[in-house]
Amino acid sequence: MRRRDFITLLGSAAAAWPIAARAQQPAMPLIGFLDFLSAAETTRARAKFRQGLAEAGYIEGRNVTIEYRWAEGRNDRLPALAEDLVHRQATVIVATGSLGAVLAAKAATSTIPIVFVTGVDPVKHGLVASFNRPGGNLTGVNFRSIEVASKRIQFVSELAPHATTIAFLAGGSRFPTFEEQTNNMYAAARALGRQLIVLECRSEQDFNAAFTSIVERGAGALVVGVFPLFFDLRNRDKILELAAQHKIPAMYPILSYVVAGGLMSYAADIDLYRQLGINYVGRILKGSKPADLPVEQASKFVLAINLKTAKALGLDVPPTLLALADEVIE
């Protein structure tokens with residue numbers, strides 16, 4: 001080989017080295033975020049989650065990528081969305097918004113780590129082997145949304161002490177937690193000496209009839225159950241409209257109802273989404289296994305009361321209840 005040709009070849013190879021080096025660098029880890037709800041309904045939760053990731057050292061777009069998949073309130077979309085995240089080789093999948101989202105992710109992969117947010121008992125529903133030793137590829141946070149049913153009915157009874165009959169708005173028997181929630185509510189009502197009536201809503205088309213039944217059957221207060229159907233923003237606004245129209249004191253499952261004009265809510269502190277980013281996704285990205293990360297149970301709950309709505313309903317909020325409130329909207 002002539003000297004000039006050798007130098008040209010050497011120069012071409014040297015120029016290619018940085019390209020080859022860049023090609024060998026590992027791609028940013030991909031977090032798949034699977035949610036039963038819509039982007040608009042989870043703004044605060046996602047902000048908390050990204051805050052937790054940042055505290056763990058991961059900034060979206062800088063050293064980690066997040067692919068969001070929204071089911072927009074449709075359970076039938078969840079399996080395909082979960083499969084898509086598996087196809088994209090997500091490093092870890094976050095499943096939230098409903099038990100259905102977690103089950104869809106679980107069915108889609110037995111190898112990719114799955115971090116869940118759920119309001120149900122994850123052991124009872126077969127998500128993990130135990131709280132301390134999850135086993136398998138799932139772990140996460142239990143908001144204990146269904147467990148605290150007794151507190152919801154207790155608080156609304158304190159605010160509406162003359163309500164001897166309380167209505168429970170349920171999402172219909174097709175939901176996997178229907179029986180568990182209704183049983184808890186019946187037990188809580190009996191303990192307080194109240195009668196409970198259960199009204200099933202299979203879709204938003206049932207709301208008007210349900211509220212008509214509440215009035216006709218003489219229910220003096222309402223507890224809205226923890227069902228995905230009631231987390232949709234349009235459905236939330238319709239329920240609030242009907243409660244105001246019929247002047248029914250109501251307890252809601254999430255804070256956004258009270259911010260939008262509902263009377264009161266009692267739910268786990270949304271800061272758990274920050275813990276999700278720090279203690280689960282962040283640690284998994286650094287090499288931890290889901291099986292070694294115990295399921296965290298909510299220990300802090302937020303009682304919110306809207307005083308303006310209470311006044312419109314002609315209710316006096318007892319000082320003892322007001323003292324317990326974490327969020328008071330005036």
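Rings of Phe, Tyr and Trp, the last taken by its six-membered ring, form a pair if their centres lie within 6.5 Å, and such a pair counts as stacked if the planes are under 30 degrees apart, as edge-to-face if over 60, and otherwise as tilted. The structure treated in these exercises is a predicted model.

**Exercise 1.** Determine how many aromatic pairs the rule gives, and classify the pair of Phe33 and Trp70.

*Solution.* By this rule the count comes to 11 aromatic pairs. For Phe33 and Trp70 the centres are 6.1 Å apart, and the planes make an angle of 55°, which places the pair in the tilted class. Phe33 belongs to strand β1 (residues 30–35) and Trp70 to strand β2 (residues 65–70), so the pair ties together parts that lie 37 residues apart in sequence. The next step concerns accessibility, for which the cut-off for buried is under 20% relative accessible area. Phe33, with a relative accessible area of 1%, is buried, and Trp70, at 16%, also counts as buried.

**Exercise 2.** Classify the pair of Tyr266 and Phe301, and state which strands it ties together.

*Solution.* The ring centres of Tyr266 and Phe301 are 5.6 Å apart with 25° between the planes, and the pair is therefore stacked, since planes under 30 degrees apart count as such. Tyr266 lies in strand β10 (residues 264–268) and Phe301 in strand β12, so parts 35 residues apart in sequence are tied together. Both Tyr266 and Phe301 are buried.

**Exercise 3.** Find which residues the ring pairs link into a cluster with Phe33, and which charged residue lies over the face of Tyr68.

*Solution.* Ring pairs link Phe33 with Phe49, Tyr68 and Trp70 into a cluster. Over the face of Tyr68 lies Arg46, at 5.8 Å from the ring centre.

**Exercise 4.** Give the strand order of the open sheet of seven strands, and explain why β7 and β13 each have one side without a neighbour.

*Solution.* The order is β7-β6-β8-β9-β10-β12-β13, and the pairing is mixed. Because β7 (195–200) and β13 (327–329) stand at the edges with a single partner strand each, one side of each is left without a neighbour in the sheet. On average, neighbouring strands of this sheet are turned by 20° against each other, direction ignored. At the β13 edge, three bridges join β12 (residues 301–306) to β13, the two strands running parallel, and Asn306 stands opposite Ile329 in β13. Helix α6 (residues 178–191) lies across β6 (165–170), β7 and β8 (221–224), and runs at about 160° to β7.

Definitions and conventions. Residues are numbered from 1 along each chain as its sequence is written. This is a predicted model: local features need pLDDT of at least 70, side-chain atom pairs count only at pLDDT 80 or more; totals for chains, interfaces and linings use all residues. Side-chain values use heavy atoms; hydrogens and water are left out. Two strands pair if DSSP finds at least two bridges between them. Helices (H or I, at least four residues) and strands (E, at least two) are DSSP runs, numbered from the N terminus. Axes are lines fitted to C-alpha atoms, for helices over the stretch in contact, and angles run from 0 to 180 degrees between N-to-C directions. Contact means heavy atoms within 4.5 Å. Buried means under 20% relative accessible area, exposed over 50%, partly exposed in between (1.4 Å probe, protein chains only). A charge sits over a ring if NZ of Lys or CZ of Arg is within 6 Å of the ring centre and within 35 degrees of the ring normal.
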